[in-house]
Amino acid sequence: MQMMELADNTLEQLNKKTDHAEIYIEQAETLDVNIQNDEINYAEEQKILGIGIRVIKDQKQGYAYTTQIKNVENTINQAIKNAKLNTKDENNCLPEKTTEYPIIKNQNDQKTRETDLEEIIDLTKILIDTTKEQKCNPTAGGFASLNSHKLILNTNNISIEEKQTRCSASIEVNTPDNETISNAYHYDTQIALKNINPFKIAENTCKLALDSRSPKKIETQDLPVILDYEASASLLGTFMAALTSENKQRQRSIFKDKENQQVTTEEFTLYDDGTMPNALKTSVSDDEGIPSQKTVLIKDGVLKNFIYDTYHAKKENKISTANAVRNSYTSTPSLGFTNLQLNFKETTPINSISEGLIVNNVIGAHTANPITGDFSVEVSNAFKIENGERTYPIKKAMISGNIFDIMKTTTKATKTTRQLSSYITPKILIKKIRVIG
């Protein structure tokens with residue numbers, strides 16, 4: 001049975017039994033190759049066709065999912081049963097049909113769809129072999145490719161169908177460092193497999209591990225700190241969480257009553273853009289069928305908006321910003337960002353810093369206080385900056401501060417950006433932060 005035929009038949013049954021209903025069908029083909037130590041641990045190809053059913057009856061919501069497509073009627077009945085067990089909520093609703101959907105290109109690479117497992121295995125071997133050639137030991141990593149085909153239908157006449165491809169590669173390495181070892185990790189995610197370079201990934205990761213050998217201690221002091229792409233994305237998670245309507249409504253956002261007020265440096269503008277060309281989180285719609293859009297969250301330092309899905313928008317009598325996301329057919333939609341574009345007007349390059357630190361990654365960003373923004377994290381693969389140049393590696397150290405205070409003075413350290421998950425970010429300069437040696 002074709003996906004659309006399955007969806008139409010299921011929706012016809014749901015119309016007779018519920019007030020409102022939504023069908024989310026996902027067909028996914030994955031190729032996954034895993035590295036353990038210096039060899040391929042496993043390689044597998046998997047195909048899944050799953051359906052998730054969300055129903056609303058008497059303002060109560062229920063959800064159920066299955067891969068047993070022939071028994072979809074059981075899943076319908078289970079979703080209705082689950083709804084009866086839930087609490088009535090007047091904000092439970094499904095979006096209405098709209099005729100204006102963005103035209104999205106280059107999210108489905110045909111050559112990637114035609115890739116087989118053998119090619120993914122060969123690319124993984126390049127990661128391993130290149131790492132060894134660079135005198136490092138691969139300890140973990142791998143390659144993965146995903147071909148997805150999703151379909152969203154609801155009883156309010158929404159009908160969305162979309163195909164996408166995503167590929168990723170990662171490698172973790174170590175190398176002897178006197179009586180210890182030096183580690184490094186790197187990954188890349190792209191829409192098309194051709195845009196992932198396993199040689200470059202392995203070479204850059206090994207260089208970072210080799211450069212991190214023989215680290216020196218640093219004294220506790222306040223210094224300028226440049227956060228590399230990975231470190232920037234990790235620390236910014238706490239800041240971004242304050243921009244969700246859910247946290248605002250739960251009184252868990254420091255920005256809950258600061259719309260149209262200055263909350264960051266005037267040099268900073270932040271967009272959430274689900275329509276951005278060639279970006280990883282671009283899509284014709286969000287995961288409940290709302291047309292993707294570009295939303296200004298912060299403009300010249302002034303808070304302009306929060307992200308909303310249909311449920312949280314109804315709570316405030318607002319319109320969804322198309323930020324309903326889900327991991328797969330197994331879950332209901334929840335709030336999440338698309339492509340977060342961080343724009344800084346001012347650039348402070350490394351050659352303008354007389355003394356400071358450059359940090360490639362941080363450990364423990366998840367422990368930051370989500371309400372106050374206070375954090376204390378361990379730095380990883382960090383280097384001292386002296387007279388505008390990166391010099392020697394730093395032994396175990398921490399940085400401690402407040403992410404909301406930091407964003408009032410932060411600038412970018414590079415004009416180039418990189419996308420990591422939702423974040424499209426440059427390297428970021430914190431003008432002064434506590435470095436604990």
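Three bridges connect β17 to β21, and the two strands run antiparallel. One of the residue pairs behind this link is M398 with I436, its bridge partner in β21. The model described here is a predicted one, and strand β17 is a handy place to start reading it. On another pairing, β17 (residues 398-402) is joined to β15 by five bridges, again with the strands antiparallel. Here V377 can be picked out, since its bridge partner in β17 is I399.

A further set of strands makes up an open sheet. Six strands take part, in the order β10-β9-β8-β13-β20-β19, and their pairing is mixed. The edges are held by β10 (302-303) and β19 (418-420), each of which has a single partner strand, so one side of each is left without a neighbour in the sheet. Within the sheet, β13 (residues 340-344) and β20 (residues 423-425) run parallel and are joined by two bridges. For anyone following along in the structure, L340 is a useful marker: its bridge partner in β20 is Y423.

Helix α6 (residues 229-241) lies across several strands of this sheet, namely β8 (268-273), β9 (294-299), β13, β19 and β20. Relative to β20, the helix runs at about 125°.

Helix α6 also turns up in the description of enclosed space. Rolling a probe the size of a water molecule over the atoms shows where empty space is left. The structure holds one cavity of 30 Å³ or more, and the space in the largest cavity comes to about 50 Å³. Its lining is made up of L227, S232, L235, L236, I403, I406, M407, T410, I428 and I430. Two or more of these residues come from each of α6, α9 (403-406) and β21 (428-436). The largest share, three residues, belongs to α6. In terms of class, eight lining residues are nonpolar and two are polar, while no charged residues appear.

Attention can now move to the open spaces. The largest pocket contains about 1,300 Å³ of space. A total of 43 residues line this pocket, and A184, L208, S212, N360 and N381 are the ones that lie nearest its centre. At least two lining residues are supplied by each of β6 (180-190), α5 (198-211), α6, β14 (355-363), β15 (374-386) and β16 (389-393). Strand β6 gives the most, with eight residues. Helix α6 thus contributes to the lining of the largest pocket as well as to that of the largest cavity. The lining of the largest pocket divides into 15 nonpolar, 15 polar and 13 charged residues.

The second largest pocket holds about 940 Å³ of space. Of the 39 residues in its lining, Q164, K281, D287, R326 and N327 lie nearest the centre. The elements giving two or more residues to this lining are β1 (20-36), β2 (39-57), β4 (137-154), β5 (159-177), β6 and β11 (324-325). Strand β5 gives the most here, with six residues. Strand β6 therefore deserves a second look in the viewer, as an element listed for the second largest pocket and for the largest pocket. By class, the lining of the second largest pocket comprises 12 nonpolar, 19 polar and eight charged residues.

Notes: Residues are numbered from 1 along each chain as its sequence is written. This is a predicted model: local features need pLDDT of at least 70, side-chain atom pairs count only at pLDDT 80 or more; totals for chains, interfaces and linings use all residues. Side-chain values use heavy atoms; hydrogens and water are left out. Two strands pair if DSSP finds at least two bridges between them. Helices (H or I, at least four residues) and strands (E, at least two) are DSSP runs, numbered from the N terminus. Contact means heavy atoms within 4.5 Å. Axes are lines fitted to C-alpha atoms, for helices over the stretch in contact, and angles run from 0 to 180 degrees between N-to-C directions. On a 1 Å grid over the protein atoms alone, a cavity is a set of points where a 1.4 Å probe fits but cannot get out, and a pocket is an open set with protein on both sides within 12 Å along at least five of seven lines; lining residues have an atom within 4 Å of a point. Grid points are joined across faces, edges and corners, and a volume is the space filled by probe spheres set on the points. Ala, Val, Leu, Ile, Met, Phe, Trp, Tyr, Cys and Pro count as nonpolar, Asp, Glu, Lys and Arg as charged, and the others, Gly among them, as polar.
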